[in-house]
Amino acid sequence: FVKSLVIQCTKQEICIKQKSIRKPMNNVFVTLYLLAVVVLLPSCESSNSAAIDETTETKVEIKLKNLKYGFDLDRFRVVKKKIRKGDTFSSILEDNGIAYPEVYNILQNIKNKVNVKRLLTGKTYKLLYTKDSITSPKAFIYEPEMDSYNVIQLRDSIYGKKVNKPIKVILKEGNGLIENSLYETMANSGLSDQLTYYLADVYAWNIDFYRLHKGDRFKVIYTEKFVDDSVSIGIERIKAAIFQHAGKDFYAFEFQPDSLKGIVEYFDENAKNLRRVFLKAPVKFGPVTSRYNLKRRISYYSNRIKPHRGTDFAARVGTPILATSDGIVVNSSYSRGNGNYVTIRHNNTYSTQYLHMKRRKVKKGQFVTQGQVIGWVGMTGYTSGPHVCYRFWKNGRQVDPFRQKLPEAKPISNQLKAKYLNAIVDLKTQLDCISFFTESTYINSALALTESDTK
């Protein structure tokens with residue numbers, strides 16, 4: 001086999017696609033091969049003709065075993081049921097012909113090996129019955145998660161164990177064009193909605209995903225986990241992405257600058273850390289309904305001006321509120337106007353505050369890290385709807401966080417920079433070679449769908 005290169009790529013870069021081409025056999029080799037076949041064929045035919053005649057009349061049937069959960073299911077009668085409200089492991093066994101003394105013995109044998117104390121309503125379990133006169137089941141199979149199952153043998157040699165299914169990780173590509181929201185774009189592009197949250201995490205310091213522009217677009221390379229060959233159990237991580245927002249390209253490549261800590265961060269094509277000291281917003285998805293405004297009027301019908309020194313992010317009640325940076329909780333309390341609120345001091349320069357929480361999750365004096373959940377969106381205090389009022393202090397003065405030139409995270413070391421730039425070469429080539437999702441792509445997809453429907 002030989003490899004050929006197909007050269008075609010956006011931004012005039014080289015896309016390498018490997019294509020195997022079968023190499024023609026040498027003419028001399030072909031001649032010798034055919035000669036050997038001609039010489040040997042008669043002798044083989046004459047010596048083994050009887051054996052061939054006998055074997056052709058014998059049909060050999062090979063039946064593969066239907067192996068699953070460690071059992072040949074063809075040898076059992078399988079009864080599939082769902083956990084009902086109030087069901088317990090003991091009650092299920094007793095309802096299926098196993099007396100309580102036997103149930104107790106089973107529980108003692110599987111103690112500390114498999115947990116059956118809490119069965120989730122609606123989840124599936126299977127009972128395996130042998131095809132004989134015994135009416136009680138031989139095994140109990142419970143699948144609380146997609147990537148594992150619990151198997152308990154109830155007769156003969158009693159045992160219980162949790163089995164993790166083998167996971168296959170597949171590298172995938174995707175792209176999208178923003179028409180409305182990122183979530184809708186994922187659905188229109190046939191991508192997992194999980195990618196919405198993964199992209200939001202990668203670009204949390206650079207892009208406000210509730211202020212995207214129509215025509216923004218992205219390309220992404222990511223890994224997805226599968227069990228049972230084709231059942232997806234979710235996105236593993238994003239390896240590389242580019243997001244075109246407001247006419248600017250935001251590249252992102254994963255890299256682990258500290259192997260001891262094991263923390264994966266994202267850097268751009270020039271090895272600049274995407275992470276900032278502060279997140280763009282205290283909620284992942286929440287539109288800004290009121291900006292920092294010192295001249296805000298109380299209502300359309302009043303000329304009274306009341307300064308608004310916070311930034312309001314609307315979100316549903318119960319939405320997690322995140323600490324926008326590392327720091328110490330200096331206040332976690334309640335007041336008439338603020339409702340439930342938390343104040344964090346990040347250093348001698350910066351402090352932040354989060355108001356109108358439904359409930360607080362942190363206490364005074366507690367150290368919190370960037371992105372940690374500190375409470376949940378609510379409507380406590382003086383508020384007309386569910387939102388979080390985010391307040392920002394710099395050198396003791398309340399300011400607009402969107403107008404601040406906030407400090408960047410610790411840059412990558414010079415020693416690691418060369419290693420990083422070398423590591424992203426292939427990923428960047430692959431990323432640049434993915435076509436952007438454009439309006440014409442939508443039109444072509446729609447035409448193809450209409451054409452297939454008419455057929």
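This is a short tour of one chain, with a stop at one of its sheets.

**Whole chain.** Start with everything shown. The model is predicted. The chain has 455 residues, and 38% of them count as buried. Colour by secondary structure: there are nine helices and 24 strands. Now show the surface. The accessible surface comes to about 28,600 Å². Carbon and sulfur atoms account for 51% of that area. Next, think about contacts between residues at least 6 apart in sequence: 60% of these join residues at least 24 apart.

**The sheet.** Select strands 10 to 14. These five strands form an open sheet, in the order 10-11-12-13-14. Their pairing is antiparallel. Which strands stand at the edges? Select 168-177 for strand 10 and 263-267 for strand 14: these are the edge strands. Each has a single partner strand, so one side of each is left without a neighbour in the sheet. Now turn the view and compare directions. On average, neighbouring strands of this sheet are turned by 30° against each other, direction ignored.

**One edge, closer.** Keep strand 14 and add residues 248-258, which make up strand 13. How many bridges join this pair? There are four, in the antiparallel sense. Pick out Asp-258 and look for its bridge partner in strand 14: that partner is Ile-263.

**The helix across the sheet.** Select residues 194-202, which are helix 6. Then add strand 11 (217-227) and strand 12 (231-245). Helix 6 lies across both of these, and across strand 13 and strand 14 as well. Look along strand 12 to judge the angle: helix 6 runs at about 45° to strand 12.

Note on methods: Residues are numbered from 1 along each chain as its sequence is written. This is a predicted model: local features need pLDDT of at least 70, side-chain atom pairs count only at pLDDT 80 or more; totals for chains, interfaces and linings use all residues. Side-chain values use heavy atoms; hydrogens and water are left out. Two strands pair if DSSP finds at least two bridges between them. Helices (H or I, at least four residues) and strands (E, at least two) are DSSP runs, numbered from the N terminus. Axes are lines fitted to C-alpha atoms, for helices over the stretch in contact, and angles run from 0 to 180 degrees between N-to-C directions. Contact means heavy atoms within 4.5 Å. Buried means under 20% relative accessible area, exposed over 50%, partly exposed in between (1.4 Å probe, protein chains only). Accessible areas come from the Shrake-Rupley method with a 1.4 Å probe; for residues, only the protein chains shown count as cover.
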